[in-house]
Amino acid sequence: MTTRREFVKKSIMAGVATGFSVKSYGKIIGANDRVRVACVGFSDRHRASHVGPFAALQKEMNFEMVGLSDIWNRRREEGKAFLDKQLGANVQVYRNNEELYASKSVDAVMMSTADFQHALHTIEAVKAGCDVYAEKPLAETMADNRAVLRAVKDSKKIVQIGSQRRSGANYHAAEDFIKSGKFGDIKMVELMWNVNQPGRWRRPDLVASLKESDVDWKRYLMNRPYEKFDPRKYLEYRLFWPYSSGIPGQWMSHQIDTVHWFSGLSHPRSVVANGGIYQWQDGRTNADTLTVVFDYGPADQPQNGFQVQFTSRFSNSAGDTKELYYSNGGMINLDTNEISDTGGLREREAKAMGMKANLLSPLKLEGDKVASDANTGGDPLTFAHIRNWMECVRSRKTPNAPIEAGYQHSIATMMSNAAYRTGLKITFDAKAQEILAGGKPWKPF
């Protein structure tokens, strides 16, 4: 029997060439039925990160791309041409999701729309009876977060959140090592995500060409406050709140999800943040430089826990991405995939204190370095993650990044956003499932 870990490792090591054969589905009910998939939002992310793995796996998994929903006429035209060519498909085009789901022609969707829409579009999909591959961040407000969690759990549909680290062999190995007790208690985590790209999240040429008549602006806004059409907030939404939290939702969501996974904790106890728009004075409202400090641990045991520090800057890429976990015995470095005794308590110091040293033995984790360029999905982890989703659509087993993972990372990213925007120490009311700023529920807009 192939374990999940062996499956992940095989996906990454062998890539397109290996994996489960079509025969492996023969004992699963409905295995001979083709799974009809639609693209919800023909984005750069979908084009560069989803289509390649789907093309490689569609025949083996018996999946077919049959539809495309997008509220921008240009994306509908470009998307159909691209999907038909890359996938050998003949996708039907829909002006919006209402038309798509009314057609009763799809079983699953791959969704990569604007950040603030992910939760709402996932709700639409599962209520229409579809399984979902949903990009992160899952939600940018707790109201949306609670609603999508409830809708998915009520529907019993398969939802994979696009947190591809959860399909990485090295991350599974690190999880095993930490949970085995060999690492000791986590005491500190240092996370970093730095770039120096003036065009990051900018689309000036497209902005200049986009007219309000080309899109359904009211549909785009969904449950956000109404404002007049602004092509930048449609195409460069990652720069503007409340359409995106920017750095927390786009980047931190990946790394903080791993903290939750490894520690078994579902949210921080508290969060503080500082930052600003220090480099790119281009009208954006989301920070280009941000430092967030988290306190994690059991709510009823303030003496136990650990700190997480996340830093990100757009002005200098030195340091690139880092994920460093520390215990009293050493360090796990998920940038180099190494476990070492770096910084661990030495024998002489331990003896002087009447203690026993607990240094870690060097160990190499198998797996690939996570891509951190402008498109973080064209990597083996995303391939394995999409494969896992497709397999779970068949087997109805829980995927590697289920809805609860998205719900939890969204709490952390929203607490970070609240801390940055209010300047207050942010806490979480676990009973009410509410983010608190100054002891009161945070009102994001």
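1. In this predicted model, strands β12 and β13 (residues 338-340) are paired in the antiparallel sense, over three bridges. Asn-333 has Glu-338 as its bridge partner in β13. The two strands form a hairpin with four residues between them, and Asn-337 in the turn has a positive phi of about 60°.

2. On its other pairing, β12 (residues 330-333) meets β11 in the antiparallel sense, over four bridges. This connection is also a hairpin, with two residues joining β11 to β12. Across this pairing, Tyr-325 stands opposite Ile-332 in β12. Which residues of β12 point one way, and which the other way? Gly-330 and Ile-332 point one way, whereas Met-331 and Asn-333 point the other way; all are buried.

3. Strand β11 (residues 321-327) has five buried residues out of seven, so it is largely enclosed by the rest of the structure. In addition to β12, β11 pairs with strand β7 (residues 188-194), the two being antiparallel and joined by six bridges. Within this pairing, Met-192 has Lys-322 of β11 as its bridge partner.

4. Ile-332 also belongs to the nonpolar interior. The largest nonpolar core has 94 residues, and Tyr-220, Phe-294 and Ile-332 have the most contacts inside it. Helix α14 gives the most to this core, with eight residues. Leaving aside residues up to four places away in sequence, Ile-332 touches Ala-174, Phe-177, Ile-178, Phe-183, Glu-323, Leu-324, Tyr-325, Glu-338, Ile-339 and Leu-365. Apart from the largest core lies another, of 25 residues, and Val-37, Phe-54, Phe-383 and Trp-389 are among them.

5. An open sheet of six strands deserves separate comment. Its order is β3-β2-β1-β4-β5-β6, with parallel pairing. β3 (92-94) and β6 stand at the edges with a single partner strand each, so one side of each is left without a neighbour in the sheet. On average, neighbouring strands of this sheet are turned by 20° against each other, direction ignored.

6. Within that sheet, strands β1 (residues 35-40) and β2 (residues 63-69) run parallel and are joined by six bridges. Val-37 has Met-65 as its bridge partner in β2. Helix α2 (residues 44-61) packs on the sheet, where it touches β1, β2, β4 (108-111) and β5 (131-134), and its direction makes about 145° with that of β2. Helix α3 (residues 73-87) likewise packs on the sheet, touching β1, β2 and β3, with its direction at about 170° to that of β2.

7. The aromatic pairs come to a count of 23. The rings of Phe-54 and Phe-63 have centres 6.4 Å apart and planes at 80°, so the pair is edge-to-face. Phe-54 and Phe-63 are both buried. For Phe-294 and Tyr-296, the ring centres are 5.9 Å apart and the planes are at 35°, so this pair is tilted. Are Phe-294 and Tyr-296 buried or exposed? With a relative accessible area of 1%, Phe-294 is buried, and Tyr-296 counts as buried at 0% relative accessibility. A cluster linked by ring pairs contains Trp-72, Phe-116, Trp-217, Tyr-220, Phe-229, Tyr-234 and Tyr-243.

8. Helix α6 (residues 142-155) has a length that can be checked. At 1.5 Å a residue, its 14 residues should span 20 Å, and the end C-alpha atoms are 20 Å apart, which agrees. Its buried residues are Met-142, Asp-144, Asn-145, Val-148, Leu-149, Ala-151 and Val-152. They pack against α5 (118-127), β6 (159-161), α14 (403-422), β15 (426-429) and β16 (434-437). The residue that follows α6 is Lys-156, whose phi is positive, near 60°.

9. Some totals for the chain complete the description. The chain has 14 helices and 17 strands. Of its 445 residues, 57% are buried. Among contacts between residues at least 6 apart in sequence, 74% join residues at least 24 apart.

Technical notes
Residues are numbered from 1 along each chain as its sequence is written. This is a predicted model: local features need pLDDT of at least 70, side-chain atom pairs count only at pLDDT 80 or more; totals for chains, interfaces and linings use all residues. Side-chain values use heavy atoms; hydrogens and water are left out. The expected span of a helix is 1.5 Å times one less than its number of residues. Buried means under 20% relative accessible area, exposed over 50%, partly exposed in between (1.4 Å probe, protein chains only). Contact means heavy atoms within 4.5 Å. A nonpolar core is a set of buried Ala, Val, Leu, Ile, Met, Phe, Trp, Tyr and Cys residues joined through side-chain atoms within 4.5 Å. Two strands pair if DSSP finds at least two bridges between them. Axes are lines fitted to C-alpha atoms, for helices over the stretch in contact, and angles run from 0 to 180 degrees between N-to-C directions. Rings of Phe, Tyr and Trp (its six-membered ring) pair if their centres lie within 6.5 Å; planes under 30 degrees apart count as stacked, over 60 as edge-to-face and the rest as tilted.
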